[in-house]
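Me: Hi! I've just opened a new structure and could use a hand finding my way around. Can we go through it together?

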Amino acid sequence: SVVAGKKQGAGVIAAKAAYAFGAGLVTVIENEPYTVPYELMSSTTLPDNNTAVCIGMGLGNQFDDDCLSKFLLRHDLPILIDADLFYRDILVEVLEKKNNLVLTPHPKEFASLLKMTNLAEVSVQEIQENRFKYIRVFNEKYPKVVLVLKGANTLIAYEEDLYIQRFGSNVLSKGGSGDVLGGLIGALLAQGYEPLEAAITGTLAHAFSAKSFKKNSYALTPENLIEGVKSL
């Protein structure tokens, strides 16, 4: 399931990516059911047969912390956390209580995450200049959480290991690309992949889909990325 928020399109993009990457049934969750693409489901609660949760993309302030707790803390499902959730204090409690998590911040969101967890208060520029340092700072405190620090060379940290995904490109910095990545990783979590495997495989699929795009790089859209994944 994908928990959609104030900017519903971000959740729908993630849901469509998950559906294209092997998730057999994808539900978009909102305060009130709304019209989604025909292949997706719509609900206000987590379905009983739910196997993974994606949350944060376009979330805004759509849900209060008590409501977010239903999606984050009151189950044992693997969770993909992205975007706006890196600015919500409830995330600290989630990090303390759950391990089956994949976090996919970009540098600005990572700066907020570091501050929220009392690990560091640094600028985006400082993070960009010291990516290895700060991903290790987070990883030492939360070794069982998979952290995917997005960028031209995406970094993935888990336990003592650090992986560099070197196939990315600047075309993936376009709006909506991160939502696609969240959906891809979420789809793998839903299919039973371990969080680290899901993060590595999802980021590779994301990058290879972008590389397979044959038109001008500035024309790449989230829909193109989703279509590209289908051909991998």
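Me: How many helices and strands are in the protein?
Reply: Happy to help! There are nine helices and nine strands. Keep in mind that this is a predicted model.

Me: Thanks. What about the radius of gyration, and does a compact globule come into it?
Reply: The protein has a radius of gyration of 16 Å, which agrees with the value near 17 Å for a compact globule of 232 residues. Along the principal axes, the C-alpha atoms fill a box of roughly 45 × 45 × 30 Å.

Me: What percentage of the residues count as buried?
Reply: Of the 232 residues, 53% count as buried. The accessible surface of the protein comes to about 10,700 Å², and carbon and sulfur atoms account for 48% of that surface.

Me: And the charges, how many positive and negative side chains are there?
Reply: You have 22 positive and 26 negative side chains, with the centres of the two sets 6 Å apart.

Me: Let's go inside. Which residues have the most contacts in the largest nonpolar core?
Reply: Those are V102 and V146, in a core of 43 residues. Helix 1 (8-20), strand 7 (146-149), strand 8 (154-158), helix 7, helix 8 (195-211) and helix 9 (222-230) each supply at least two residues of this core. Helix 7 gives the largest share, seven residues.

Me: What does V146 touch, apart from residues up to four places away in sequence?
Reply: V146 touches L101, V102, L103, I156, A157, Y158, P195, L196 and A199. There is also a second, separate core of 38 residues, and L101, Y142, L147 and A157 are among its members.

Me: Back to helix 7 for a moment. Where is L181, and is it buried or exposed?
Reply: L181 sits in helix 7, which covers residues 177-190. Its relative accessible area is 4%, so L181 is buried. Leaving aside neighbours within four places in sequence, L181 is in contact with K150, G202, T203 and H206. The C-alpha atoms of L181 and A199 are separated by 9.2 Å, with their positions 18 residues apart along the chain.

Me: Nice. How about V12, buried or exposed?
Reply: V12 belongs to helix 1. V12 counts as buried because its relative accessibility is 15%, and the cut-off for buried is under 20%. Beyond its neighbours within four places in sequence, V12 is in contact with Y34, P37 and L40. V12 and C54 are 42 residues apart in sequence, and their C-alpha atoms are 11 Å apart in space.

Me: Changing topic: which residue in the loop between strand 5 and helix 3 should I look at?
Reply: Try A83, in the loop between strand 5 (79-81) and helix 3 (90-97). A83 is not a glycine, although its phi is positive at about 55°. With a relative accessible area of 11%, A83 is buried.

Me: What's the phi of E159?
Reply: Phi of E159 is near 50°, a positive value in a residue other than glycine. E159 lies in the loop between strand 8 and strand 9 (161-165), and it counts as partly exposed at 28% relative accessibility.

Me: Last one: what is N139 in contact with, leaving aside neighbours within four places in sequence?
Reply: N139 is in contact with A157, Y158 and E159. N139 is found in helix 6 (residues 131-141) and counts as buried at 5% relative accessibility.

Conventions
Residues numbered from 1 in each chain as written. Predicted model: local features only at pLDDT ≥ 70, side-chain atom pairs only at ≥ 80, totals over all residues. Heavy atoms only, no water. Helix = DSSP H or I, 4+ residues; strand = E, 2+ residues; numbered from the N terminus. Rg over C-alpha atoms; globule rule 2.2 N^0.38 Å. Buried < 20%, exposed > 50% of the residue type's maximum accessible area, 1.4 Å probe, protein only. Areas by Shrake-Rupley, 256 points an atom, 1.4 Å probe, with all protein chains shown as cover. Lys, Arg positive; Asp, Glu negative; His and termini not counted. Charge placed at Lys NZ, Arg CZ, Asp CG, Glu CD. Contact = heavy atoms within 4.5 Å. Core = buried A, V, L, I, M, F, W, Y, C linked by side-chain atoms within 4.5 Å.
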